[in-house]
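Please consider how the strands of this model are paired and which side chains gather on its surface. The account below takes these topics in turn.

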Amino acid sequence: MMKAVGYQQSLPISDSQSLQDISLPVPEASGRDLLVEVRAISVNPVDTKIRAKVTPVEGQWKVLGWDAVGVVKEIGPEVTEFSVGERVWYAGDISRPGSNAQYQLVDERIVGRAPHSLTDAEAAALPLTAITAWEMLFDRLQVEVGKGANSKSILVIGAAGGVGSILVQLARRLTNLTVIGTASRQETKAWLKNLGAHHVINHHNPLSEELAGAGLSEVDYVVSLTNTEDHQAEIVKSIKPQGKFALIDDPASLDVIKLKQKSISLHWEFMFTRSLFETEDIRAQHDLLSELTELIDDGLIKSTLGQHFGKINAENLRKAHALIESQAARGKIVLEGFE
């Protein structure tokens, strides 16, 4: 048996039954799966959304968690990329049990070797947000990698959170984009400046006015990571004609007709698409995690770990979910080791 944290009812995080310490059988690797002994995890908004909305089958436990660093303990018969004993990192598959457990099965095609230069906790902060940011920039928006002469600009709304913190770094290190992030508190503004944002503006004010105040006009790309419906009119106003608008959140409504006059294209990013549908390019997540490991070990990208919440248990995970639901988190919340 293994230790895990799970739930059987969708409850407010203030309820002690919303996440519970449990024991489950250790799974066995088959096919292309790795059995990973989990050493560190991080918590993402998707964890809180699923806990609030998805009720498990009666009598079953739902185990959350889509970020992990660990060591391969067993491999399936079809595995070709990894060996027992290797230290790996990944975000996993939303349709399978998550990383809030001592052992987890994960398809090798969405796993990378963890950076040598980061601790388990530092590395655990990155996979889901890094995959999301990478796919957003290079697959959805098709931003060119390189430092060519043709400079374009990108506005990142909600840039101080987990995805924004890595997206800002990727844009600065790998592209020639002028990077504008939004934040409202002094500590989050300083955080973004430290990560490399050229400009930081306040999303509590009209975005177009904030851009003008920074000496900027329209931008080529807008990435909205949170509260998209509150900003849509200003987003359309701030994008250049034939620009691109991308988002990851779940607005209650989105009036796409407003994009027509400027021929603005709309792009969704959901990092679980490749694993959920086993797309032909599912291995792209292994490849990008491998590239990210090199960038980190070369000192070009740094961990976005914001806070360490201690051991992996129900009490600490409830505290992490509560902070994320408050929308006051800076960077990523990480937990490490089982008691």
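Two strands are taken to pair if DSSP finds at least two bridges between them. The model discussed here is predicted.

Strand 4, which covers residues 68–75, and strand 5, which covers residues 87–90, run antiparallel and are joined by four bridges. One residue pair illustrates this contact: Ala68 has Tyr90 in strand 5 as its bridge partner. Strand 5 is also joined to strand 7, residues 111–113, by three bridges, and these two strands again run antiparallel. Here Val88 has Arg113 of strand 7 as its bridge partner. Strand 5 thus has bridges to strand 4 and to strand 7. As a general point, side chains in a regular strand alternate between the two faces of the sheet.

The surface offers a second topic. Phe270, Leu276 and Phe277 make a nonpolar patch of about 320 Å². Among them, Phe277 lies in the loop that links helix 8 (273–276) with helix 9 (284–297). Phe277 counts as exposed because its relative accessibility is 60%, and the cut-off for exposed is over 50%.

Helix 9 also leads to a charged part of the surface. A patch of negative charge is formed there by Glu291, Glu294, Asp297 and Asp298. Of these residues, Asp297 is placed in helix 9. Is Asp297 exposed or partly exposed? With a relative accessibility of 31%, Asp297 counts as partly exposed, because that class lies between the limits of 20% and 50%.

Technical notes
Residues numbered from 1 in each chain as written. Predicted model: local features only at pLDDT ≥ 70, side-chain atom pairs only at ≥ 80, totals over all residues. Heavy atoms only, no water. Patch = residues over 30% accessible without salt bridge, like charges linked within 9 Å, V, L, I, M, F, W, Y side chains within 5 Å. Areas by Shrake-Rupley, 256 points an atom, 1.4 Å probe, with all protein chains shown as cover. Salt bridge = Lys/Arg side-chain N within 4 Å of Asp/Glu carboxyl O. Buried < 20%, exposed > 50% of the residue type's maximum accessible area, 1.4 Å probe, protein only. Lys, Arg positive; Asp, Glu negative; His and termini not counted. Charge placed at Lys NZ, Arg CZ, Asp CG, Glu CD.
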